[in-house]
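Dear colleague,

I am passing on the structure below, which is a predicted model, and I would be glad if you could look through it alongside the notes that follow.

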Amino acid sequence: MRIRNLSGSVVRTELWRELAEHFGLGQTLPLRSHPQWQRVYKHLTNRTLTLTINRRSKRNMKDGPVTSARYSFGRISLFPCPRCTTAFLTHSFLHGLSRAWLDQYHEDLTLRTDLDAFFDEFADRTFAILGGKRPSDMKCWKCKLPKVIGRSRIRNLKAFAERFRNADSTTVDRLIDESSRRAGTPINGDSVPHNR
Ligand SMILES: [Zn+2]
């Protein structure tokens with residue numbers, strides 16, 4: 001993974017690389033060798049996942065809620081505000097990582113219209129496994145993450161990531177359904193919300 005940090009903030013480079021590795025995104029992007037996609041990827045400069053953390057000055061607190069992460073063609077972009085903590089950036093990175101993972105391993109499912117709840121859960125659960133704490137008011141400057149991630153947490157993370165890596169598209173499709181149901185959002189374009 002290539003990391004470009006223009007924000008001036010301290011970022012958890014080592015941890016983030018490890019996270020990308022656990023979810024199978026540490027090496028050459030899988031879609032680069034996919035028959036249907038290699039022609040598109042051939043023209044891109046990034047062989048591996050690329051992460052850009054943009055300048056804080058580009059974003060003002062008045063800009064409204066922080067966009068957690070943008071993703072396209074193997075590139076994740078983060079847009080921190082002046083008060084974002086490293087912990088919050090880690091959560092945002094996980095959001096981007098979830099998008100990258102789905103795109104690179106289950107590209108056919110990215111056409112679904114109800115993916116937000118799945119991405120949110122992926123980021124939230126991984127962040128919680130790492131010992132991260134998010135305040136209920138979701139303020140980015142109150143987010144916390146332990147400086148050292150203990151061995152048992154890393155073990156749990158590996159087990160969690162492995163479930164994703166071993167899942168086939170039918171299973172992932174079901175996981176997305178479940179996330180949407182929990183969030184009470186319409187499942188893949190259905191007009192009736194599927195509340196529990
Ligand atoms: Zn912020």
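To begin with the overall dimensions, a compact globule of 196 residues would have a radius of gyration near 16 Å, and the protein, with 17 Å, agrees with that. The C-alpha trace spans about 45 × 40 × 40 Å along its principal axes, and 29% of the 196 residues count as buried. Among the contacts with a separation of 6 or more, 69% are between residues 24 or more positions apart.

The secondary structure consists of six helices and four strands, which follow the pattern β-α-α-β-β-β-α-α-α-α along the sequence.

Turning to the interior, the largest nonpolar core has 37 residues, of which Ala20, Leu49, Ile76, Phe93 and Leu97 touch the most other members. At least two residues of this core come from each of helix 1 (13-22), strand 2 (50-53), strand 4 (75-78), helix 3 (86-105) and helix 4, with helix 3 giving the most, nine residues. Phe93, leaving aside its neighbours within four places in sequence, is in contact with Trp16, Leu51, Ala69, Ile76 and Leu78.

Finally, there is one helix pair to report: helix 4 (residues 116-129) and helix 5 (residues 151-166) pack with their axes 9 Å apart, at an angle of about 150°. Since angles over 145 degrees count as roughly antiparallel, that makes helix 4 roughly antiparallel to helix 5. In this contact Arg125, Thr126 and Ile129 of helix 4 meet Arg153, Asn156, Leu157 and Phe160 of helix 5, which by class gives three nonpolar, two polar and two charged residues.

With best wishes

Methods. Residues are numbered from 1 along each chain as its sequence is written. This is a predicted model: local features need pLDDT of at least 70, side-chain atom pairs count only at pLDDT 80 or more; totals for chains, interfaces and linings use all residues. Axes are lines fitted to C-alpha atoms, for helices over the stretch in contact, and angles run from 0 to 180 degrees between N-to-C directions. Angles under 35 degrees count as roughly parallel, over 145 as roughly antiparallel, 65 to 115 as roughly perpendicular and the rest as oblique. Two residues are in contact if their C-beta atoms, placed from the backbone, lie within 7 Å. Ala, Val, Leu, Ile, Met, Phe, Trp, Tyr, Cys and Pro count as nonpolar, Asp, Glu, Lys and Arg as charged, and the others, Gly among them, as polar. A nonpolar core is a set of buried Ala, Val, Leu, Ile, Met, Phe, Trp, Tyr and Cys residues joined through C-beta atoms within 7 Å. A residue is buried if 20 or more other C-beta atoms lie within 10 Å of its own, exposed if 12 or fewer, and partly exposed in between; C-beta atoms are placed from the backbone. The radius of gyration is taken over C-alpha atoms; the globule rule is 2.2 Å times the number of residues to the power 0.38.
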